[in-house]
Amino acid sequence: MDTEAESWKNSTFAAQMKLQGLPHKTALMGKYLNSHNQFCGNMASPVPPGWDHFFALCTDGAYFNQTFNVNGKEAVMDGYTTSVIGNETLRWLQETVQGGDPFMMYIAPHAPHIADEVYPY
């Protein structure tokens, strides 16, 4: 029997799409639930099942120069985090649309919840 954690990993909607044989390319951009520690640092599970492209924050709290899990490898991305996520989203979309593949993308930007002059919108 699966442990609760294993069941959770296999029940993500991206994994379910793959299990159902859907041909869609899948991508996650930004904050992956509140589970960034599972997929960064020790990298025990570098990319959750079902994601063809995984661009997830490794931490939260800072809005500039964040570390991301990029398809199983950690990388520091310079700049305002919401802009970094937006730029990667556009890059992946352009590449995928040009290839003619159906896709499903989950986008979860990491942005301040209050207006502030410090953060560019």
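**A helix packed on a five-stranded sheet**

Glu-88 is buried: its relative accessible area is 13%, which lies under the 20% that marks a buried residue. This value, like every other one discussed here, was computed from a predicted model. Glu-88 is placed in helix H3. Apart from neighbours within four places in sequence, its contacts are Met-29, His-53 and Phe-55. Residue 29 falls within strand S1 (25-30), and residues 53 and 55 fall within strand S2 (53-57). The surroundings of this glutamate thus lead from the helix to the sheet, and the chain as a whole is described before both are taken up in turn.

The chain contains 3 helices and 5 strands. Followed along the sequence, these elements appear in the pattern α-α-β-β-β-β-α-β. The chain has 121 residues, of which 36% count as buried. Among contacts with a separation of 6 or more, 54% are made by residues 24 or more positions apart. The area that the chain exposes is about 7,100 Å², and carbon and sulfur atoms supply 55% of that area.

Helix H3 spans residues 81-99, which gives it 19 residues. From its first C-alpha to its last it reaches 27 Å, close to the 27 Å expected at 1.5 Å a residue. Seven positions of H3 are listed as buried, namely Thr-81, Val-84, Ile-85, Glu-88, Thr-89, Trp-92 and Thr-96. Because these residues cover an arc of only 130 degrees around the axis, they lie on the same side of H3. The other side of the helix carries exposed residues: Asn-87, Gln-94, Val-97 and Gln-98. Gly-100 follows H3, and its phi is positive, near 75 degrees.

What covers the buried side of H3? The cover includes strands S1 (25-30), S2 (53-57), S3 (64-70), S4 (73-80) and S5 (103-108). Thr-89, which also lies in helix H3, gives a second view of this cover. Thr-89 is buried, with a relative accessible area of 7%. With neighbours within four places in sequence left aside, Thr-89 is in contact with Met-29, Met-105 and Ile-107. Residue 29 belongs to the range of S1, and residues 105 and 107 belong to the range of S5. Met-29 therefore appears among the contacts of Glu-88 as well as among those of Thr-89, a buried residue.

The sheet itself is open and consists of 5 strands in the order S4-S3-S2-S1-S5, with mixed pairing. S4 and S5 stand at the edges and have a single partner strand each, so one side of each lacks a neighbour in the sheet. On average, neighbouring strands are turned by 20 degrees against each other, direction ignored. H3 packs on this sheet and touches S1, S2, S3, S4 and S5; the direction of H3 makes about 175 degrees with that of S5.

In general, strands of a sheet pair through backbone hydrogen bonds, in either a parallel or an antiparallel sense. In this model, S2 and S3 pair in the antiparallel sense over 3 bridges. Within S3, Asn-69 is the residue opposite Ala-56. S3 and S4 also run antiparallel and are joined by 6 bridges. Phe-64 has Tyr-80 in S4 as its bridge partner.

How many residues separate S3 and S4 in their hairpin? The two strands have 2 residues between them. Asn-71, located in the loop between S3 and S4, has a positive phi of about 50 degrees although it is not a glycine. Is Asn-71 buried, exposed or partly exposed? Its relative accessible area is 37%, and Asn-71 therefore counts as partly exposed.

Another asparagine also has a positive phi. Asn-65 is not a glycine, yet its phi is near 55 degrees. Asn-65 is placed in strand S3, whereas Asn-71 is placed in the loop that follows, between S3 and S4. Asn-65 is partly exposed, because its relative accessibility is 45% and the partly exposed class lies between 20% and 50%.

Taken together, these details describe a helix with a buried side and exposed residues on its other side, packed on an open sheet. Glu-88, with which the description began, is among the buried residues of H3.

Conventions:
Residues numbered from 1 in each chain as written. Predicted model: local features only at pLDDT ≥ 70, side-chain atom pairs only at ≥ 80, totals over all residues. Heavy atoms only, no water. Helix = DSSP H or I, 4+ residues; strand = E, 2+ residues; numbered from the N terminus. Expected span 1.5 Å × (residues − 1). Buried < 20%, exposed > 50% of the residue type's maximum accessible area, 1.4 Å probe, protein only. Arc of directions from axis to C-beta. Contact = heavy atoms within 4.5 Å. Pairing = 2+ DSSP bridges. Axes fitted to C-alpha atoms, helices over the stretch in contact; angles between N-to-C directions. Areas by Shrake-Rupley, 256 points an atom, 1.4 Å probe, with all protein chains shown as cover.
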